[in-house]
Structures are given as structure tokens and as C-alpha cells.
Amino acid sequence: MCWRRSQLSQSTRFRLVIENKVRRTIYKKDTVETEDGGGHIKVVMYDGGNPIASDHRLASVRVEVVVIEGGFDEMRDSWSKEEFEKSMIKPRRTTTLTSLVKNGTFNLIGGSCDHKGAIIMDNSQQREVKLGVRITVPTETRVLEGVSNPFKVQEGKTKSNGHFF
């Protein structure tokens, strides 16, 4: 089983990439901001080391933004789908949320998307987290999930005129 999993990982040539960096601090129920000053997450599908052809069958897949553990090691060349899903953070049982990210699904158009308006609905409880992007529909071809840089999600009440308390 371990051999099969690593064999599957090694043959993965398609991957989603978050091309911009998330700000180090995001506020709960505010739009996710990036270091380039935009309120968008730039996601690109790659085929090997190049952006996918705009007419490829994977160039228009549906993508979901999720919150994952900050310790997830995206520096590895690959991981299994199960490893990625295990790193996903679920909403606390005390909430009625079904996902930690509001407005977190979109379609790639021609292999990429500047997705605006993603909102994280809960704080990260003083720990670092990352955004992850994954395709939402099963495909015969393994598509490696994309992972952002680490950041913290704070309560909005800690934000005041750009100063932290």
C-alpha cells in the first residue's frame, strides 16, 4: 500500500499553485488579503513546470479553498490526497458552519483564476494555518493540491486603525 501511494505521488504531473502570498494576519469574516494588496487569490493549474494549456480538460475544473494545518509540509514534491485531507481543519462542533471558507469555490478559466472574496469564518486560535486549494470533482488524473504560505486568523475586534493590541 505504501509503495502504491508513493508511486501515485511520483506520477503526478498536474498541480494547483497559489501564486500570491497571503498576508501574515487575516481577520475573521474579512476578505482574505494578499501581500500584493489584492483581495484575490491567484490560482494556476500547472502541467509539469508550465501553466496548463488553456484548452486542456483540466483547465476549467471547479476548485475549493480550504484551511489546512500550518505545519503541512508543502516543500515536498508530492503527497497523497489522504494526507492533504487529513491536514484540513474542520469547523468547530459548536458552530453551524459546514466550511471554514465562505465564497471559497470557483472555476478555473483557461487554467487560472484570480478568485476574489474568499472569507475565513473562524479564528485560528493563535496558531498558524495555510490555505489549500483542491479540485472538487473526481478525475482519473491526480491533481496535486496547492498550498499557501502560513498566516494567522485573528478576531476582527483586534483590528483598530492598523494597530494590533
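**Notes on a predicted fold, strand by strand**

1. A good place to begin is the pair β10 and β12: Val133 has Gly146 in β12 as its bridge partner. Strand β10 covers residues 129–135 and runs antiparallel to β12, with two bridges joining them. Please keep in mind throughout that this is a predicted model.

2. That pair belongs to an open sheet of four strands, ordered β7-β5-β10-β12 and paired antiparallel. Which strands stand at the edges? They are β7 (105–107) and β12 (146–147); each has a single partner strand, so one side of each lacks a neighbour in the sheet. As general background, the strands of a sheet pair through backbone hydrogen bonds, in either a parallel or an antiparallel sense.

3. For the chain overall, the secondary structure amounts to two helices and 15 strands. The chain has 165 residues, of which 43% count as buried. If you take the contacts with a separation of 6 or more, 70% of them come from residues 24 or more positions apart.

4. On confidence, the chain has a mean pLDDT of 86, with 85% of its residues at 70 or more. Residues 1–10 are another matter, with pLDDT below 50; this stretch makes seven contacts in the model beyond near neighbours in sequence. Where pLDDT is low, it is best not to read the predicted coordinates in detail.

5. Strand β3 deserves a paragraph of its own. Is this strand mostly covered or mostly open? Mostly covered: β3 spans residues 40–47, and six of its eight residues are buried. Strand β1 (residues 14–18) runs antiparallel to β3 and is joined to it by five bridges; within this pairing, Arg15 has Tyr46 of β3 as its bridge partner. Strand β8 (residues 112–116) also pairs with β3 in the antiparallel sense, over five bridges, and here Val44 is matched with Ser112 in β8.

6. Tyr46 turns up again in the pairing with β4, where it stands opposite Pro51. Strand β4 is made of residues 50–51 and runs antiparallel to β3, with two bridges between them. Together β3 and β4 form a hairpin with two residues between the strands, and Gly48 in the turn has a positive phi of about 70 degrees.

7. Two loop residues are worth a look for their backbone angles. Most residues other than glycine have a negative phi. Asn103, which is not a glycine, has a positive phi of about 55 degrees. It lies in the loop between β6 (101–102) and β7, and is partly exposed, with a relative accessible area of 42%. Gln126, also not a glycine, has a positive phi of about 65 degrees. Where does Gln126 sit? Its place is in the loop between β9 (119–120) and β10. Gln126 is exposed, with a relative accessible area of 67%.

8. Lastly, a pocket that you may want to inspect. The second largest pocket holds about 150 Å³ of space. Its lining has 13 residues, and those closest to the centre are Ile89, Leu100, Asn123, Ser124 and Arg127. How do the lining residues divide by type? Six are nonpolar, three polar and four charged. In general, rolling a probe the size of a water molecule over the atoms shows where empty space is left.

Conventions: Residues are numbered from 1 along each chain as its sequence is written. This is a predicted model: local features need pLDDT of at least 70, side-chain atom pairs count only at pLDDT 80 or more; totals for chains, interfaces and linings use all residues. Side-chain values use heavy atoms; hydrogens and water are left out. Buried means under 20% relative accessible area, exposed over 50%, partly exposed in between (1.4 Å probe, protein chains only). Two strands pair if DSSP finds at least two bridges between them. pLDDT is the predictor's confidence in each residue, from 0 to 100. Contact means heavy atoms within 4.5 Å. On a 1 Å grid over the protein atoms alone, a cavity is a set of points where a 1.4 Å probe fits but cannot get out, and a pocket is an open set with protein on both sides within 12 Å along at least five of seven lines; lining residues have an atom within 4 Å of a point. Grid points are joined across faces, edges and corners, and a volume is the space filled by probe spheres set on the points. Ala, Val, Leu, Ile, Met, Phe, Trp, Tyr, Cys and Pro count as nonpolar, Asp, Glu, Lys and Arg as charged, and the others, Gly among them, as polar.
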